[in-house]
Amino acid sequence: MNHEDCIFCKIINGDIPSAKVYEDEHVYAFLDISQVTKGHTLVIPKTHVKDIFETPPEVAKELYARIPKVANAIKETYQPLGLNTLNNNGEAAEQSVFHLHIHLIPRYGEGDGYT
Ligand code: 5GP
Ligand code: ZN
């Protein structure tokens, strides 16, 4: 179920271009437009859910089950030394796009730009 006014739903539909990292029937992963570090990727469910508070277990299950696969794809491409996962929920937690997303932020050691 997609949401008319949601930019991430538009990305899933191909109405807004994105740099795809991974896709299957449940999730879409693409490079963040404003990369904190090289290879910064967002993983989103194809079902529109606003945030973790409104996420049905089945959607969470399919989304989180794919994080290792996407993390390994990033590892292979970018050869980072490590990787942070991050998920912001609600304005107070600095969520700015209200379609659930997991940030995968590759880390390259001191001075890699992540603060
Ligand atoms: P949040 O702040 O909600 O946790 O993260 C939203 C992320 O979406 C931000 O890191 C922002 O750079 C990214 N973003 C916002 N609009 C677009 C877009 O149109 N395309 C892509 N690839 N990333 C976007
Ligand atoms: Zn959406």
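How many bridges join E1 to strand E2? In this predicted model, three bridges connect E1 with strand E2, which covers residues 27–31, and the two run antiparallel. One of the residue pairs along this ladder is easy to find: Tyr22 has Ala29 of E2 as its bridge partner. This pairing is a good place to start a tour of the fold.

The overall inventory comes next. The protein contains three helices and five strands, and along the sequence these elements follow the pattern α-β-β-β-α-α-β-β. The radius of gyration is 14 Å, close to the 13 Å that the globule rule gives for 115 residues, so the protein is as compact as a globular protein of that length. Along the principal axes, the C-alpha trace spans about 40 × 30 × 25 Å.

The five strands come together in an open sheet with antiparallel pairing, and their order is E1-E2-E3-E5-E4. At the edges lie strand E1 (20–23) and E4, each of which pairs on one side only. From one strand to the next, the twist averages 20 degrees. As background, strands of a sheet pair through backbone hydrogen bonds, either parallel or antiparallel.

Strand E5, formed by residues 102–107, can be followed to its partners on both sides. Strand E3 (residues 41–45) runs antiparallel to E5 and is joined to it by three bridges; within this pairing, Val43 has Ile102 as its bridge partner. Strand E4, made of residues 82–86, is also antiparallel to E5, with five bridges between them. Here Gly82 stands opposite Arg107 of E5.

What lies across E2, E3 and E5? Helix H2, spanning residues 57–65, takes that place, and its direction makes an angle of about 150 degrees with E3.

The model also includes a ligand, and its surroundings deserve a visit. Around ligand 1 there are 14 residues, of which Ile33, Ser34, Asn88, Ser96 and Val97 come nearest. In character, the shell is mixed: seven of its residues are nonpolar, five are polar and two are charged.

Finally, a database record can be set beside the model. An unreviewed UniProt entry places the feature "domain: HIT" at residues 7–115. Over this stretch the chain is 26% helix and 23% strand, and the C-alpha atoms at the two ends are 26 Å apart.

How values were computed
Residues numbered from 1 in each chain as written. Chains lettered and ligands numbered in written order. Predicted model: local features only at pLDDT ≥ 70, side-chain atom pairs only at ≥ 80, totals over all residues. Near = placed C-beta within 6 Å. Nonpolar A, V, L, I, M, F, W, Y, C, P; charged D, E, K, R; others polar. UniProt positions renumbered as here; feature names shortened; annotations may be inferred. Helix = DSSP H or I, 4+ residues; strand = E, 2+ residues; numbered from the N terminus. Pairing = 2+ DSSP bridges. Axes fitted to C-alpha atoms, helices over the stretch in contact; angles between N-to-C directions. Contact = placed C-beta atoms within 7 Å. Rg over C-alpha atoms; globule rule 2.2 N^0.38 Å.
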